[in-house]
Amino acid sequence: MENVKVDDTTLRDGVQMPGIRAPSPKERLEIAHYLDDIGIDRIELFGTWYDVDRKSAQMILNAGFKAMIGIWVRANKNDLDEALRLDGIKGVGISHPISDIHLTYKLNISREEAFKRIHDAIQYAKDHGLIVFYHGEDSTRADWEYEKSIIKMLTELKVDVYRVCDTVGVGIGAHTSSVIPINKSIPDKISEIKKNFKIDIEFHGHDDLGGAVTNTMIALQNGATYASTTMLGMGERAGNAETEKVIMNLNYHYNISKYNISLLTKACHVIHDAMDIRIPSNKAIVGENVFTHQSGIHSAGVIKNPETYEPFSPESVGNVRRLLVGPLGGKNVILFKLQQILEKEGITEKIDPNDGRVKAIIDYIQQNLFGSGIRRSPLTDDEFEQLVRMFALK
Ligand SMILES: [Zn+2]
């Protein structure tokens with residue numbers, strides 16, 4: 001697992017997400033900066049077709065990032081010629097489907113024709129000195145024997161990485177069985193490729209059945225080198241495996257500390273600002289609720305030792321801890337927030353829970369506001385401060 005690498009495709013698959021605002025070249029450059037600072041190993045980009053994509057890709061190539069820049073292209077000479085016009089280009093991700101459903105209905109070509117197109121595009125890219133990552137689109141629905149013939153050809157052409165694309169998210173972390181064929185079994189498929197072919201493996205998982213992150217981790221555990229992911233899981237339909245989740249799983253479970261996790265939350269906010277994608281409050285790692293505690297039992301635990309309900313600290317991932325006074329809250333959190341406010345005012349003495357004013361404010365909040373049902377949402381910090389003033393505690 002130490003050699004694991006992350007390919008972030010927020011600026012390719014991510015920007016294909018329906019409904020978002022397309023980021024400007026300047027915004028894409030800023031996002032790429034964050035990805036590079038996090039330590040992402042490869043950044044995947046569009047770099048052909050449209051002026052805005054070419055301009056963005058050129059700006060990012062010019063920035064001299066540590067991350068490898070991979071330009072995503074289709075398996076044809078035109079796309080490759082366009083990519084080759086980019087100054088400083090080193091690698092391309094050549095995408096072409098390999099499942100019968102895609103070959104028949106999307107492209108209307110035979111397996112043999114697809115084989116030839118893939119072969120010729122790779123040969124062309126290699127002849128021009130490019131590093132080639134080949135993406136086997138819809139691999140988890142492809143015929144396994146056909147897929148193996150493609151992988152064999154990749155090794156003969158000295159392709160650098162084979163990407164297993166779980167394009168519609170039907171891959172599963174279970175072993176092959178009477179109901180799970182090998183093309184969908186992520187552990188067996190990756191192990192078989194690893195065992196039989198000399199090529200680095202990458203896994204690109206979609207989340208249609210909710211398994212993108214788990215499948216990605218299973219792929220890595222079974223010998224894949226690269227995880228292909230997007231920040232916030234952006235992407236087509238249900239999106240991709242989240243970069244931040246995969247990185248935190250590597251960090252937490254496997255002690256892989258080469259990624260700067262303290263930038264994860266900030267990077268997601270930059271992406272939010274650029275593309276107008278909402279960050280759900282309960283989004284793992286970077287959501288506002290992830291280190292917010294409101295219920296009495298949880299707050300009491302966190303006040304004594306945050307590890308009671310936080311597997312890692314908010315500071316470690318650039319997030320912040322919040323304690324809310326709300327329904328189901330206990331008096332501990334009121335006392336804790338009261339102490340914080342007084343400390344801000346320079347009052348250091350410990351609050352006496354038996355002080356009549358303290359008892360009155362606790363009683364008012366618990367009984368009059370929340371107990372009565374008059375108030376149903378948590379108090380904002382401003383509202384809490386007003387109450388503190390009202391009860392002459394400040
Ligand atoms: Zn995808």
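**Notes on the barrel, the cores and two unusual loop residues**

1. Cys165 stands opposite His204 of strand S7. The model is predicted, so please read every point below with that in mind. Cys165 and His204 sit within a strand pair: S6 covers residues 161–166 and S7 covers residues 200–205. The two strands run parallel and are joined by six bridges.

2. Where does this pair belong? S6 and S7 are part of a closed barrel of eight strands. The order is S1-S2-S3-S4-S5-S6-S7-S8, and the pairing is parallel. From one strand to the next, the twist averages 25°. Strands of a sheet pair through backbone hydrogen bonds, either parallel or antiparallel.

3. Two helices that lie across barrel strands deserve a look. Helix H5, residues 111–127, lies across S4 (91–97) and S5 (131–137). The angle between H5 and S4 is about 175°. Helix H8, residues 212–221, lies across S6, S7 and S8, the last of these being residues 226–229. H8 runs at about 170° to S7.

4. Now the overall frame. The chain has 14 helices and ten strands. Its C-alpha trace spans about 85 × 50 × 35 Å along the principal axes. Of its 394 residues, 41% count as buried. Take the contacts between residues at least 6 apart in sequence: 69% of them join residues at least 24 apart.

5. The largest nonpolar core holds 81 residues. Which members touch the most others? They are Leu45, Ile71, Val92, Ile94, Val132, Tyr162 and Leu264. H8 gives the most to this core, with six residues. Domain 1 (5–275) and domain 2 (288–390) both contribute residues, so the core lies between the two domains. A second, separate core has ten residues, among them Leu323, Leu338, Ile365 and Leu379.

6. Ile94 is a good residue to display when inspecting the largest core. Leaving aside neighbours within four places in sequence, Ile94 contacts Val73, Ala75, Ala121, Ile122, Ala125, Val132, Tyr134 and His135. Ala121, Ile122 and Ala125 fall in the range of H5, residues 111–127. Val132, Tyr134 and His135 fall in S5, residues 131–137. Ile94 itself falls in S4, residues 91–97.

7. Two residues have backbone angles worth checking. Most residues other than glycine have a negative phi. Ile285 has a positive phi, near 70°. Its place is the loop between helix H10 (264–275) and strand S9 (292–293). Is Ile285 buried or exposed? Ile285 counts as buried because 21 C-beta neighbours lie inside 10 Å, and the cut-off is 20 or more.

8. Leu328 also has a positive phi, about 70°, although it is not a glycine. Leu328 is found in the loop between strand S10 (322–323) and helix H12 (331–344). Here the surroundings are sparse enough to meet the exposed cut-off of 12 or fewer. Leu328 is exposed because 12 other C-beta atoms lie within 10 Å.

9. Last, Trp144. This residue is in helix H6, which covers residues 144–156. Why is Trp144 classed as partly exposed? Trp144 has 17 C-beta neighbours inside 10 Å, which lies between the exposed limit of 12 and the buried limit of 20. Not counting residues up to four places away in sequence, Trp144 touches Ile182 and Asn183. Its C-alpha atom is separated by 9.8 Å from that of Ile98, 46 residues apart along the chain.

Conventions: Residues numbered from 1 in each chain as written. Predicted model: local features only at pLDDT ≥ 70, side-chain atom pairs only at ≥ 80, totals over all residues. Pairing = 2+ DSSP bridges. Helix = DSSP H or I, 4+ residues; strand = E, 2+ residues; numbered from the N terminus. Axes fitted to C-alpha atoms, helices over the stretch in contact; angles between N-to-C directions. Contact = placed C-beta atoms within 7 Å. Core = buried A, V, L, I, M, F, W, Y, C linked by C-beta atoms within 7 Å. Domains from an automatic or database assignment.
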